[in-house]
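Me: I should like to learn how to read helices, hairpins and nonpolar cores in a model. Please take them in turn.

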Amino acid sequence: MKTSRVALTRLLGDAKTVLLGLALPCLLAACTAPSIKPAASQIDQLHSFLIVPVQAPPLEVIPDLIERRDPAYRHAQNMALGFALPTELYQTAGGIVIAGMVSDSQVADVDAMTKAAPTAAGGSANADLVWTPARAAAQKLRSLLAVENRKGELSREYYQLPTAGDASLQHWHHAIQTWYGQNITPIDYKAMGRYDAVIEVGVGRYRIFEGQTSLQLLIKLIDPVSRKVIARTLSESFKVDEQALASLDNGGEAFKQLISDMAVPLLRQSLGDIGLRIPPQANES
């Protein structure tokens with residue numbers, strides 16, 4: 001079946017001070033478009049959904065991980081040489097994409113990671129090997145919909161943002177705001193199958209700040225026939241844990257599990273906001 005290539009691309013197969021007052025205003029500023037809630041009669045007619053992850057921004061880590069990763073950088077800082085390093089996108093051993101400073105010894109690896117990424121026009125990739133926070137949330141969403149006897153199918157393609165390969169978090173946040181504010185999707189979802197509605201799952205700011213992990217989820221419900229957004233909502237939370245930075249070690253499995261766990265109550269809140277009620281006893285695994 002031919003699918004739209006306007007803004008979708010294959011998922012990549014490789015991809016103790018806590019300032020509580022600082023993180024949440026940043027999260028709230030990520031999106032300014034008003035929420036939309038459909039009529040209950042409209043929601044009652046929806047039983048099958050295509051779940052599409054939106055390309056997620058890189059993880060922001062404060063302080064920068066280079067201080068843990070590169071002893072030479074720490075030495076230079078201690079010597080007060082004051083040299084600046086470039087900010088690039090790089091992957092951890094577990095495939096988590098981070099925007100951070102990169103030393104000269106890592107530039108070649110970063111360049112290789114960028115060149116290895118397939119584009120919308122070339123190469124297929126096994127989506128099952130990919131981890132992104134949006135995809136992790138989308139997988140949880142499918143399980144929650146099943147509890148409500150609604151069928152959710154996870155797309156093997158994601159909604160691509162124009163910031164792919166960009167290390168600027170400001171550019172990523174602007175792209176997310178633009179996507180979230182769209183009232184009509186550019187994607188022809190009718191070409192992707194027969195579904196009552198499409199749910200796009202986006203991630204706003206997500207970061208580790210000292211001992212605090214923050215996550216913001218953005219949900220859009222779309223009529224695949226008219227392409228109109230019929231519901232839109234966002235939710236966010238944070239978790240305080242002194243082991244937040246350490247969760248990135250050992251392939252980042254602890255961090256991935258944390259993001260998945262944080263996503264569940266946010267998804268339940270969002271689905272409730274748009275009328276797809278999830279009972280408290282829903283299986284959240």
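Reply: The discussion below takes up a helix, a hairpin and the cores. This is a predicted model, in which local features need pLDDT of at least 70, side-chain atom pairs count only at pLDDT 80 or more, and totals for chains, interfaces and linings use all residues. Residues are numbered from 1 along each chain as its sequence is written, and side-chain values use heavy atoms, with hydrogens and water left out.

Me: Which residues of helix 7 are buried?

Reply: Buried means under 20% relative accessible area and exposed over 50%, with partly exposed in between (1.4 Å probe, protein chains only). Helices (H or I, at least four residues) and strands (E, at least two) are DSSP runs, numbered from the N terminus. In helix 7, the buried residues are L169, W172, H173, A175, I176, W179 and Y180. They fall within an arc of 160° seen down the helix axis, so they line one face of helix 7; the arc is that of the directions from the axis to the C-beta atoms. Q170 and H174, on the other side, are exposed.

Me: How many bridges join strand 4 to strand 5?

Reply: Two strands pair if DSSP finds at least two bridges between them. Here five bridges join strand 4 (residues 87-91) to strand 5, and the two run antiparallel. Y90 stands opposite I98. The hairpin has five residues between its strands, and G95 in the turn has a positive phi of about 85°.

Me: Which element gives the most to the largest nonpolar core?

Reply: In soluble globular proteins, nonpolar side chains tend to be buried together. A nonpolar core is a set of buried Ala, Val, Leu, Ile, Met, Phe, Trp, Tyr and Cys residues joined through side-chain atoms within 4.5 Å. The largest has 47 residues, and helix 8 gives the most to it, with nine residues.
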